[in-house]
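Here is a short tour for a reader who has not met this chain before. Keep the sequence and the 3D view open while reading.

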Amino acid sequence: MYGTISEFCTATGCPDMVGPGFRTYLWFDDKGKKTRVSAPQYVDYVMTFTQKTINDEGVFPTKYPHEFPSSFETIVRKILRLLFHVLAHLYHSHFREMVMLNLHSHLNSVFTHLILLNDCYHLIDDRELEILYDLVQALKILENDAVVATKSSETSRSSVTNGCLSSDNSADKQVEASTDTSASVKSSEQLASFSDPNSMLPATGNVATDATSATEVVNFSC
């Protein structure tokens with residue numbers, strides 16, 4: 001999915017790996033150093049780690065009598081969280097390109113599958129999901145609107161860094177962290193407004209300021 005718009009996601013155009021809600025995703029290298037990398041570099045780290053882990057017989061055994069490791073759930077949690085970050089970046093920075101290529105319905109389908117999987121097994125922390133919860137509601141993915149916890153006022157005022165466990169494997173030590181920083185949105189800022197919950201086709205324009213219009217659209221900054 002990301003490969004279809006990779007030409008639009010460059011180190012110059014996307015110098016940071018960002019998602020909705022002014023959230024920036026940081027990466028830990030194999031030495032444990034937290035670094036801010038461009039979006040294409042971050043996605044490359046994610047895909048490389050995911051592919052290498054899935055092909056590892058010690059983590060995802062395919063032959064009898066190999067067993068799954070005790071850290072299997074932790075590893076799966078990490079993979080899903082990283083892939084969620086990629087989806088968050090696509091919605092935040094490249095949704096117009098997805099619509100232009102007529103791929104937005106496929107993106108919504110992938111996102112729906114991830115949310116439904118997480119609803120069954122609760123593998124992704126609510127603090128990660130909350131930035132796209134408006135989209136979950138707009139697509140009517142879940143019947144229970146209270147599945148994802150609302151961010152507390154204390155959290156919204158501070159920066160939150162979420163890391164994950166690492167193992168002895170050097171590849172597993174490349175973990176990530178997300179930083180959620182507060183910021184104000186200028187009323188003149190152009191946003192992609194999802195006015196139709198069914199097709200999710202964007203209509204570009206300023207954010208609605210009146211209470212009536214605000215309840216009819218779901219907004220994501222670009």
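The report goes from the whole chain to a helix pair, then to rings, backbone and single residues.

## The whole chain

This is a predicted model. The chain has 222 residues, and 40% of them count as buried. Its secondary structure consists of eight helices and seven strands. The accessible surface comes to about 12,100 Å². Carbon and sulfur atoms hold 51% of that surface.

How do contacts spread along the sequence? Take the contacts in the chain with a separation of 6 or more: 63% of them join residues 24 or more positions apart.

## Helices α2 and α4

Two packed helices are described by the angle between their axes and the distance between the axes. Helix α2 spans residues 72-93, and helix α4 spans residues 104-121. Their axes come within 11 Å. They cross at roughly 145°. The crossing of α2 past α4 is left-handed.

Which residues make the contact? From α2 come Leu80, Phe84, Leu87, Leu90 and Tyr91. From α4 come Leu107, Asn108, Val110, Phe111, Leu114 and Leu117. By class, this contact has 10 nonpolar residues, one polar residue and no charged residues. The polar one is Asn108, because Asn is not among the residue types that count as nonpolar or charged.

## Aromatic rings

The count of aromatic pairs comes to seven. One of them joins Tyr91 and Phe95. Their ring centres lie 5.8 Å apart, with 20° between the planes. This pair is stacked, because planes under 30 degrees apart count as such. Both Tyr91 and Phe95 are buried. Tyr91 also belongs to the α2 side of the contact with α4.

Elsewhere, ring pairs link four residues into a cluster. These are Tyr25, Trp27, Tyr42 and Tyr45.

## Backbone features

Most residues other than glycine have a negative phi, and most peptide bonds are trans. Three places in this chain deserve a look on that score.

The peptide bond from Tyr64 to Pro65 is cis, with omega near 5°. Pro65 is found in the loop between α1 and α2.

Asn102 is not a glycine, yet it has a positive phi of about 60°. Asn102 lies in the loop between α3 (95-100) and α4. Is Asn102 buried or exposed? Asn102 is exposed, because its relative accessible area of 53% is over 50%.

Lys140 has a positive phi too, of about 55°, and is not a glycine either. Its place is the loop between α6 (133-138) and α7 (153-157). Lys140 counts as exposed because its relative accessible area is 67%.

## Serines and threonines

The table sets out four residues by place and exposure.

| Residue | Place | Relative accessible area |
|---|---|---|
| Ser38 | loop between β3 (34-35) and α1 | 15%, buried |
| Thr50 | helix α1 | 9%, buried |
| Ser70 | loop between α1 (39-54) and α2 | 83%, exposed |
| Thr112 | helix α4 | 22%, partly exposed |

Start with Ser38. Why does Ser38 count as buried? Its relative accessible area is 15%, and buried means under 20%, so Ser38 falls in that class. Leaving out residues up to four places away in sequence, Ser38 touches Ala11, Cys14, Pro15, Asp16 and Met17.

Next comes Thr50. Thr50 is buried because its relative accessibility is 9%. Not counting residues up to four places away in sequence, Thr50 touches Ile79 and Leu83.

Ser70 gives a contrast. Ser70 is exposed because its relative accessibility is 83%. Its C-alpha atom is separated by 9.3 Å from that of Val59. Ser70 and Val59 are 11 residues apart along the chain.

Last is Thr112. Thr112 counts as partly exposed because its relative accessible area is 22%, between the cut-offs of 20% and 50%. Which residues does Thr112 touch, not counting residues up to four places away in sequence? They are Leu139 and Ile141. The C-alpha atoms of Thr112 and Lys140 are separated by 9.4 Å. Along the chain, Thr112 and Lys140 are 28 residues apart. This is the Lys140 with the positive phi of about 55°.

Conventions. Residues numbered from 1 in each chain as written. Predicted model: local features only at pLDDT ≥ 70, side-chain atom pairs only at ≥ 80, totals over all residues. Heavy atoms only, no water. Axes fitted to C-alpha atoms, helices over the stretch in contact; angles between N-to-C directions. Helix = DSSP H or I, 4+ residues; strand = E, 2+ residues; numbered from the N terminus. Left-handed = near helix turned anticlockwise from the far one by under 90°. Contact = heavy atoms within 4.5 Å. Buried < 20%, exposed > 50% of the residue type's maximum accessible area, 1.4 Å probe, protein only. Areas by Shrake-Rupley, 256 points an atom, 1.4 Å probe, with all protein chains shown as cover. Phe/Tyr/Trp six-rings, centres within 6.5 Å; stacked < 30°, edge-to-face > 60°.
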